[in-house]
Amino acid sequence: MTDALIYLDYAATTPLDPAVREAMLPWLGTVDGYGNPASDHAPGRAARAAVEAARAEVAALIGAAAEEIVWTSGATEANNLAIKGALEFRGGDGAHVISSRIEHKAVLDTCRYLETRGVAVTYLEPDRDGLIRAGQVLDALRPSTVLVSLMWVNNETGVINPITELAPRLRERGVLFHVDAVQAAGKLPIDLAATPVDLLSLSAHKVYGPKGIGALFVRKRPRARLAPQMHGGGHEQGMRSGTLATHQIVGMGRAFALARKTMAADAERVTALRERLWQAMSVLPAIARNGSVGHLAPHVLNVSFAGAEGESLRARLSDLAVSSGSACSSATREPSYVLRALGRDDETAASSLRFSLGRWTTPEQVDRAAQRVIDEVSWLRQLAPDGGAA
Amino acid sequence: MAVYFDHNATTPLDPRVLEAMTPYLTGPYGNPSSVHRFGRAARDAIEQARQQLADLVGCRAAEITWTSGGTESNNLAIKGATDPLAPGGVLYGATEHPAVMEAAESLTRRGWRVEPIAVDATGIVDWAAFERQLAAGGVRLVALMRANNETGVLQDVNRAAALGHAAGAMLHVDAVQAAGKIPLDFRALGADTMSLSAHKLYGPKGIGALIARNEIELAPQHHGGPQERGLRGGTENVAAIVGFGVAAELARVELEARAAHVLALRDRLEAGLAALPGVCIFGAGAPRLPNTLQFALEGFEGEALLMQLDRRGFGVSSGSACASGKGEPSHVLLAMGYPRDIAFGAIRVSFGQRNREEEVDRFLQALRELAGQR
Amino acid sequence: MNRENVFGYPEPVWARFEAPARAGELMAAADVVVVEAGSPAARGRLRLYAQLAGGRVVDVRFQAYGCPVTIAVGQWVAEQLVGADPRVHRLTAADLRQALEITDDKAHCALMGEDLVLALVKRISG
């Protein structure tokens, strides 16, 4: 089975954990377990109880209270609700928002939309290692700043932003703090009881849960106030309407419960595999790791292979599921905007691959992946004029 | 053995739909926006489902945008279609689902003039009043549901489309309750946008669709990512989309048989109810969905009756299964002119494929006993 | 190693990208000319080594940096040139697009191939 596809794209999406699937199946009910959680009869009450148990599990992983969790259709909706909801509630005109150049598209596109509605947005630049310093954020504050939106872990480089350091400083200044924690949840300890973040976006399908479900943490004390973005029916304390998808929610709950149990061990194992992958590939000359090695989430390794054009490299590595940049923008085949923000030129950005590891990655897969990368990079460099040197 | 008579709130999953979804709940099927092999398999499955849904509702596959459900579809249609326009007028049927009413009402903060369209005592649009509202000018959008979720009353959407278009307004149709229960043809209805939901037709919860004619410019409401041609960002819910596709195909093939089955049950219930004293059937004079019957029993408060029925194992509802308006009488019945005390007594029965005559008889028996205890 | 055409490149492109038989270089010699073409849009470069005898190409190799279509263009041009007189047997971007089924979004790769042939013609004629 040496030709089997090696999946190293866990940061794009994760397979469902079999235990999560088992938990979901009773709520994909053909005979039972199909009630609408908003219904006031036995099937409805059963679904509601399952939804509330899942809410408590999601809250437990991040040190929140169950009533601070609002279900959404995923992280994109959670990011939209947090940012547009906060600005709409406070009134956007003349308001200032701080974000960064390396946020997920869901945050960047939402910020760009707000700019069309009279909101001023500062997009912070990371350094060459992908780091955004707390001081940079504080220096960008203005009297009109109402919201800071930063990701906890960058999806392309794996670099961790100084969220725990920043949160108390922003709280002191009365600035609302939204954190996209999609790549951090289940990877790093998050304790919102100790970290005064106001709004935090979560996704299930990056944590071995199902696609199509996410959540927004909305702090109760002090209360983060949002204008709803999906109207009708008044579900989720009026913040997000629509019939709750019981099976998806139960899946997210089980996935987060599993993550709470296995996070520490997973992090240690995955970090070791990531370094093994990097070490094995390091026999190649002229390759460079992207992202500050001292500030990395366990699961991401981003490497630039000078002289091996990115599209050809991916095409020749059809037996490896890896990303060149974020999956969400790779269809457009533009070099990663994140790597460009780190100061890489188009050429380097386009010849970079993101490897992301997870629960079922094995040492054998890592070794085989490294060998395949070495073979194909060498082949492409040999094909190129002057060995790929510009 | 519990009896489930609340299919307008949600339906059980068809086992054939679950079977089609199962491969996508197993193994690493990938993020469909990723370009590697797993991602491509997911993308192909999504496009097949789009065609299956298009075949059910008489639209082109390219006109379908996946959403998280009927509520998001209605929000995207109403807010998305009005965002690119200078503020004007919006009209919506007085008996619309809260997702339509509240999305429309939210536009008042953006400077839009938002008004309900009155209905008559049977729940049908008051056409004369509607025409007067259109004649006042400036109406850019009309929202009218094909089938009401509480009473099952059907609206003449074609007529609304013709009148609205003549006045320069777009028409949005909430077809969440109609799809899979009665024939539905997007083109023939003359609608510009139309909302659908999977879990009302034996598909999974958490997935819906918005149909929009190419000419309609919609502003995205979920910003971020190129999914759904930039109109709706977010990683696609592959398993649910596949489930929706298969549910739509089954609904198309079995539509007539399904409608005949529930209509027989509905007629049996209606005949049985007629023998009870003080029964009021809402929307009785109007064309209705074959599976829906909303009624009140004189002297009964709805919540108390629901609780009694629930205790006896009958899952019915007072109306909408929404979280808002709990403890309030149905806005649908108030719009039809019923006084609050009658509206408070409303019980909605909505039948599904697995319901049987014997269940209807037991339900009638329970009602007779409860009426006798009064 | 079984590579799969998972990104759906046209078959004539994929076959040449998978195994470009004329990849490589020719030793510098009096009868060997070297020409290049590049495209910023494709972030690509092509280099052609042609051994000439009386205006005819008797041996040819190519080198390429770029996407799979760029690499396939290099291979196809090399294939066509063997035994041909490029001044007579003129290869154009349209020929390339037809032969390799190149789509509009990759048209610049075909143009790069045409530029490469033009550079060779110019070198032989000049």
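**Notebook: chain B, with a look at two cysteines**

I began with the charges of chain B in this predicted model, and I found that the mean position of its 36 positive charges and that of its 41 negative charges lie 3 Å apart.

Next I looked up the secondary structure, and I noted 12 helices together with 12 strands in chain B. I then turned to the radius of gyration, which comes to 21 Å and is close to the 21 Å that the globule rule gives for 374 residues, so I wrote chain B down as being as compact as a globular protein of that length. For the extent along the principal axes, I recorded that the C-alpha trace of chain B spans about 65 × 55 × 35 Å.

I went on to burial and contacts. Of the 374 residues in chain B, 64% count as buried, and among the contacts in this chain with a separation of 6 or more, 73% are accounted for by residues 24 or more positions apart. As for the surface, I noted that chain B exposes about 12700 Å², of which 54% is supplied by carbon and sulfur atoms.

Last, I asked myself how many disulfides the count comes to over all chains. The count is 0, with sulfur atoms of two cysteines having to lie within 2.5 Å to qualify. I also looked up the accessibility of two cysteines: Cys111(A) counts as buried because its relative accessibility is 0%, whereas Cys280(B), with a relative accessible area of 22%, is partly exposed, since buried means under 20%.

Methods: Residues are numbered from 1 along each chain as its sequence is written. Chains are lettered from A and ligands numbered from 1 in the order in which they are written. This is a predicted model: local features need pLDDT of at least 70, side-chain atom pairs count only at pLDDT 80 or more; totals for chains, interfaces and linings use all residues. Side-chain values use heavy atoms; hydrogens and water are left out. Helices (H or I, at least four residues) and strands (E, at least two) are DSSP runs, numbered from the N terminus. The radius of gyration is taken over C-alpha atoms; the globule rule is 2.2 Å times the number of residues to the power 0.38. Buried means under 20% relative accessible area, exposed over 50%, partly exposed in between (1.4 Å probe, protein chains only). Contact means heavy atoms within 4.5 Å. Accessible areas come from the Shrake-Rupley method with a 1.4 Å probe; for residues, only the protein chains shown count as cover. Lys and Arg count as positive and Asp and Glu as negative; His and the chain ends are not counted. The place of a charge is taken as NZ of Lys, CZ of Arg, CG of Asp or CD of Glu.
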